[in-house]
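Me: Could you take a close look at one residue in this structure for me? Please start there, then follow the chain outward and tell me how the surroundings are put together.

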Amino acid sequence: LTAMGEPSMDPAMSAADSTAQQDSLFSMMDVFLISLITGLFTYWFFFRKKKEEVPDLPKMQTVAAPVRDSSFIEKMKKTGRNIVVFYGSQTGTAEEFANRLSKDAHRYGLRGMAADPEEYDLSDLSRLSEIDKSLAVFCMATYGEGDPTDNAQDFYDWLQEADADLSGLRFAVFGLGNKTYEHFNAMGKYVDKRLEELGAQRIFELGLGDDDGNLEEDFITWREQFWPAVCEHFGVEATGEESSIRQYELVVHTDVNMNKVYTGEMGRLKSYENQKPPFDAKNPFLAQVTENRKLNEGGERHLMHLELDISNSKIRYESGDHVAVYPANDSSLVNQIGEILGTDLDTVMSLNNLDEESNKKHPFPCPTSYRTALTYYLDITNPPRTNVLYELAQYAMDAGEQERLRKMASSAAEGKALYLSWVVEARRNILAILQDMPSLRPPIDHLCELLPRLQARYYSIASSSKVHPNSIHICAVTVEYETKTGRLNKGVATNWLKNKVPDQNGSSSLVPMYVRKSQFRLPFKPSTPVIMIGPGTGIAPFIGFIQERAWLKQQGKEVGETVLYYGCRREHEDYLYREELARFQKEGVLTQLNVAFSRDQAEKVYVQHLLKKNKENVWKLVNEGMAHIYVCGDARNMARDVQNTFYEIVSEFGNMSQSQAVDYVKKLMTKGRYSLDVWS
């Protein structure tokens, strides 16, 4: 408007011109105002329309969202199921057992379904009595130091807080654990006890499977007594012999867009080509190996240090966390299976669940090729479980081989003994079984349906994020051994990692990984003393701990005594991180370095012997210094021997009886002052 008004200030302007300009001004103002009003009306009209449409969007989402899927009761009613088998599974075994139990149900005129507790609202357990002859079974694995598995964490939290009335619920629990761990089958025991406390009715005793012994046999023994108890409770009878029922149907894709075919991804198609955080078990990050060096100077074993680049991944980790890696099977094993079964491994196929209501549409990502499935998705190196042998038996053309397979899958004592010796102790994997039974030639699609999923492998992180924010370090030993049949068996992940070459483009240096949080943590106060005990690759988290203490010291923090008890076979053979430890000791960060060389003298010396030797100092640090104790490594022998040594030290210097000393150490554990990161 300023520009329009400027000419009216000209003194030479005539009255007529002025009037004409005013007329012109008003007409222009009219046009402007009309345009403005029209514009505002149009804007309001479309804006109003958008506002009207907004409420429709949630409605559309509500329809599309699987709301009813969160109610397993509705699903059971809709599909005519009366038995639900929930599984808390970290490595896939509990899920496998749950599937087997749900499949068993049809033999008794019942219908079962396996269910992941993470996918459902378990407060609905109080409504299970609405279904006739209903039963909830829980196959619960214990992870780490008595913890629930990742997928059972919400269920565990709900059980702790719940005050629900479960008086109409009938249940049974089978726990999967390992006796070498301090909290054997803690999750199975807790679920069994807590459900009873909430009023539920136990229809069969708690089963306790021990993976340190023979988990498969423990499960079969429990299962063969469980079903008769179910029959008696519901007044039903077995309808006949166990029969082979396919869960998936094969669809071969002859004309398929290869961009729609999975090539090893764990979740989203093309997720390895187009990486998007956050990264987790279903969406691993492809980390580049930037360093892969041999740590030991001699000996038969290959101990290695790897560094994974996590730049731009937004992955965060703390000292003591675990890194999970997804390995690939050896291509020569995959090729041999293909040759024996006379299959074109590059055939693209899908295995589709015959139960259309199931949440699990495929046993692994589909469509894919047999080669991809056997390389990235299926476990082909562990001895197969008895249910796999039973299902495969029908394909053995030789009557003797068929009978042998059926016998090993039976619950008879002779069959169990044969399975233990011929499969478990001989470490026969599926390839070895196919090689040793020439008449056994199953269809490859059925074999792929039966084999369990290849699981991620966990390693204690050997670095501190304070020092290495963009890389994660792994310390591992390659697994390689000769079986009783003379075959050379190799560990899947460690041999795969061994061949990861840095500074090479392509998949040869990439590792699919994610971080799993741990409770294995340095004390909150840097001034608190720490006693770390980790022989062999058990030193891994302590390299991270020491790096972090060194960093804290550089920041001017007061850092308490940092004591390490490390052990290896021979000083000049497998003394891992020797130079690094010497440097940390020289810098005054590592205040004590105690190393046991077990085979450098006639009598074997282990870390527990050095603890006994320094018992007075150990007690002073624990009792007066309020030190935190950390143990990492072998659970079966080392961790137990170290714990017994602490009982002795506490008993002697604390003037306590054996039982009082045990209670003292258990209290340290409860307070987070005695932490374990062990494996068997």
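**A cysteine and its surroundings**

Reply: Happy to! Cys 366 counts as buried because its relative accessible area is 9%, and the cut-off for that label is under 20%. Please keep in mind that this is a predicted model, so everything below describes the prediction.

Is Cys 366 bonded to another cysteine, or is it too far for a bond? The closest cysteine sulfur belongs to Cys 448 and lies 9.2 Å away, so the gap is too far for a bond. Cys 475 is in no disulfide either, with the sulfur of Cys 632, its nearest, at 9.5 Å. Like Cys 366, which is buried, Cys 475 is covered, at 4% relative accessibility. Searching the whole structure turns up 0 disulfides.

Let's use Cys 448 to step into the interior. Cys 448 turns up among the contacts of Leu 374, and Leu 374 is one of the residues with the most contacts inside the largest nonpolar core. That core holds 44 residues, and Phe 364, Met 408 and Leu 440 share the top group with Leu 374. Many elements feed the core: helix 9 (331-340), strand 12, helix 10 (370-377), helix 11 (386-393), helix 12 (399-408), helix 13 (413-425), helix 14 (430-436) and helix 15 (444-450) each give two or more residues. Because residues come from both domain 2 (276-327 + 456-518) and domain 3 (328-454), the core lies between these domains. As general background, nonpolar side chains in soluble globular proteins tend to be buried together.

Here is the close-up of Leu 374. Setting aside neighbours within four places in sequence, its contacts are Asn 329, Val 334, Ile 337, Leu 345, Ile 380, Ile 444, Cys 448 and Leu 451. There is also a second, separate core of 33 residues, and Trp 619, Val 631, Ala 661 and Val 665 are among its members.

Helix 11 deserves a moment of its own. Of its 8 residues, 7 are buried: Thr 386, Val 388, Leu 389, Tyr 390, Glu 391, Leu 392 and Ala 393. These buried residues pack against helix 12, helix 13, helix 14 and helix 15, and also against helix 5 (93-104) and helix 8 (215-234).

Strand 12, another contributor to the core, belongs to a small piece of sheet. Its 3 strands make an open sheet, ordered 8-12-13, with antiparallel pairing. Strand 8 (248-252) and strand 13 (368-369) each have a single partner strand, so they stand at the edges with one side left without a neighbour in the sheet. Strand 12 (residues 348-353) is joined to strand 13 by 2 bridges, and across that pairing Val 348 faces Ser 369.

In domain 2, whose bounds include 276-327, you can find strand 11 (residues 322-325), which is covered on both faces. His 322 and Ala 324 are buried on one side, while Val 323 and Val 325 are buried on the other. That arrangement is easy to read, because side chains in a regular strand alternate between the two faces of the sheet. Strand 11 runs antiparallel to strand 14 (residues 457-460), with 4 bridges between them, and His 322 sits opposite Ser 460. Strand 18 (residues 510-516) is also joined to strand 11 by 4 bridges in the antiparallel sense, with Val 323 opposite Val 515.

Now back to Cys 475, which lines up as the bridge partner of His 305. The strands involved are strand 10 (residues 303-309) and strand 15, antiparallel over 7 bridges. Strand 15 is mostly covered, with 6 of its 7 residues buried. Val 477 also belongs to strand 15 (residues 471-477), and it is partly exposed because its relative accessible area is 21%. Beyond residues up to four places away in sequence, Val 477 touches Arg 301, His 302, Leu 303, Thr 494 and Thr 537. The C-alpha atoms of Val 477 and His 302 are 5.7 Å apart, although 175 residues separate the two along the chain.

Finally, the wider setting. The protein chain contains 22 helices and 23 strands, and 49% of its 680 residues count as buried. Among contacts with a separation of 6 or more, 75% link residues 24 or more positions apart. About 32900 Å² of the protein chain is exposed, with 50% of that supplied by carbon and sulfur atoms.

Notes. Residues are numbered from 1 along each chain as its sequence is written. This is a predicted model: local features need pLDDT of at least 70, side-chain atom pairs count only at pLDDT 80 or more; totals for chains, interfaces and linings use all residues. Side-chain values use heavy atoms; hydrogens and water are left out. Two strands pair if DSSP finds at least two bridges between them. A nonpolar core is a set of buried Ala, Val, Leu, Ile, Met, Phe, Trp, Tyr and Cys residues joined through side-chain atoms within 4.5 Å. Buried means under 20% relative accessible area, exposed over 50%, partly exposed in between (1.4 Å probe, protein chains only). Domain bounds come from an automatic or database domain assignment. Contact means heavy atoms within 4.5 Å. Accessible areas come from the Shrake-Rupley method with a 1.4 Å probe; for residues, only the protein chains shown count as cover. A disulfide is a pair of cysteine sulfur atoms within 2.5 Å.
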